[in-house]
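Below is a walk through part of a protein model, taking its sheets and then its internal space. Please keep the view of the structure open while reading.

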Amino acid sequence: MLQVNHLRSEKWMHRALFAFLCIALLLTGLTALAESGQQKGSISVGTLQERLRDLGYYDGSMTFEFDMATQYALKKCCEANGLPFLDGQLLQVSYDAIVNSDDVKPKSAQLMEHKRLSIGDEGQSVIDMQLRLKELGYVKGVRLSLGHYDDETQRAIETFCEQNDLTIPDQGVDEYTQYMLYSDVALHYAAPVPPGFWGRVREFLSRPVRIGGMELNSGILVLIEAMLFIGLVVSALILMRSSKPRAPKEPERLSFSIDSGKTDAWSAVVAAVEYAGKKRTQVIQPSQPVRIGRGSVELRLDVRDKQVSRVHGRLEMRGNQLIYVDMSTHGTNINEIYVHQNEYPIHDGDRLQISQHTIVILNK
């Protein structure tokens, strides 16, 4: 039997190995087919970006999209190498010459149309940039030091980058930002629309808040505070409910017959109470209902016994019969009979077990 099971397990292992080899072979074939389909005439924007980066014309991230930054880098490369270029188009001849040829010239400082400018620079390039910013409406009501790259000029550049979805340069302006500034697609300044109520709420919730050495989002902080507030309110309601005295639930009255032979003539009732090894007796008058519990009642039990309700039950006379009425949460054992939210006839010598309290009812 063991040999048969061993042969079956080997059979399944062989099948699994065969399936794995088939899948690997299929994937290898598909990969080879895909690579063979990439002929010289195919175009890959990712390959172009990588090549332009190696040549120094492209310094952006690998987006694999023919975006404005890639077009600008391609234009500079084509102009430096005498290759055809059309705005918004990736010509096959230019792509093949750049990607597949080793004769493409890398970028040099002499071929740059715009040089990087930094705060503190001066000259005609700064004047042209400031005039272009003013033409587009990014300089209004501000006096610029014409020809001097100051802080106001930097703020105007940052506003231009924000409204044209460009990366905000750090303490200066790079050549790509200048290219976009002078291009026909540069957007004119549009005054930001004041946010409405919900816009201000979103702005407030997205504001970072530093607590100690930890930085939190305002929205998270508000959520934590709201949860704490709700917990505080719920706790207060629970405390108020628990501190409010509740009227004991009136138990269901059950009809039972009283055997005249067992009926006692109660003149005075003595309750012998025992708790934690201590005994005491208390004489009670059966003419009025006698409440039992750990609250303000006629027959008070020890408050340390938490299983005893504030009004656990009561003794009352009905004709010549003494009746115990349970009104508690945990019930009462009377002569080993469990009574809960119910009533039970009491005779001389009956034993009531209320949690840790033992009460013997005696007729005197």
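In this predicted model, six strands form an open sheet in the order 6-5-15-14-11-12, and their pairing is antiparallel. At the edges of this sheet are strand 6, residues 278-284, and strand 12, residues 337-339, each of which pairs on one side only. On average, neighbouring strands of the sheet are turned by 25 degrees against each other, direction ignored.

Within that order, strand 5 (residues 269-275) and strand 15 (residues 357-363) run antiparallel and are joined by 6 bridges. One position to look for is V273, which stands opposite I359 in strand 15.

There is also an open sheet of 5 strands, ordered 8-7-9-10-13, and here the pairing is mixed. Its edge strands are strand 8 (299-300) and strand 13 (343-346), each pairing on one side only. Strand 9, made up of residues 313-318, runs antiparallel to strand 10, residues 321-326, and 6 bridges hold the link between them. Across this pair, E316 stands opposite I323 in strand 10.

The next topic is enclosed space. With a threshold of 30 Å³ or more, the count comes to 2 cavities. The largest cavity holds about 40 Å³ of space. Which residues line the largest cavity? They are V269, I284, Q285, P286, Q288, V290, L315, E316, M317 and L322. Strand 9 gives the most to this lining, with 3 residues. By residue class, the lining of the largest cavity divides into 7 nonpolar, 2 polar and 1 charged. E316 thus appears twice in this account: it lines the largest cavity, and it stands opposite I323.

How values were computed
Residues numbered from 1 in each chain as written. Predicted model: local features only at pLDDT ≥ 70, side-chain atom pairs only at ≥ 80, totals over all residues. Heavy atoms only, no water. Pairing = 2+ DSSP bridges. Helix = DSSP H or I, 4+ residues; strand = E, 2+ residues; numbered from the N terminus. Axes fitted to C-alpha atoms, helices over the stretch in contact; angles between N-to-C directions. 1 Å grid on protein atoms, 1.4 Å probe; cavity = no way out; pocket = protein on both sides within 12 Å on 5 of 7 lines; lining within 4 Å. Points joined across faces, edges and corners; volume = space filled by probe spheres on them. Nonpolar A, V, L, I, M, F, W, Y, C, P; charged D, E, K, R; others polar.
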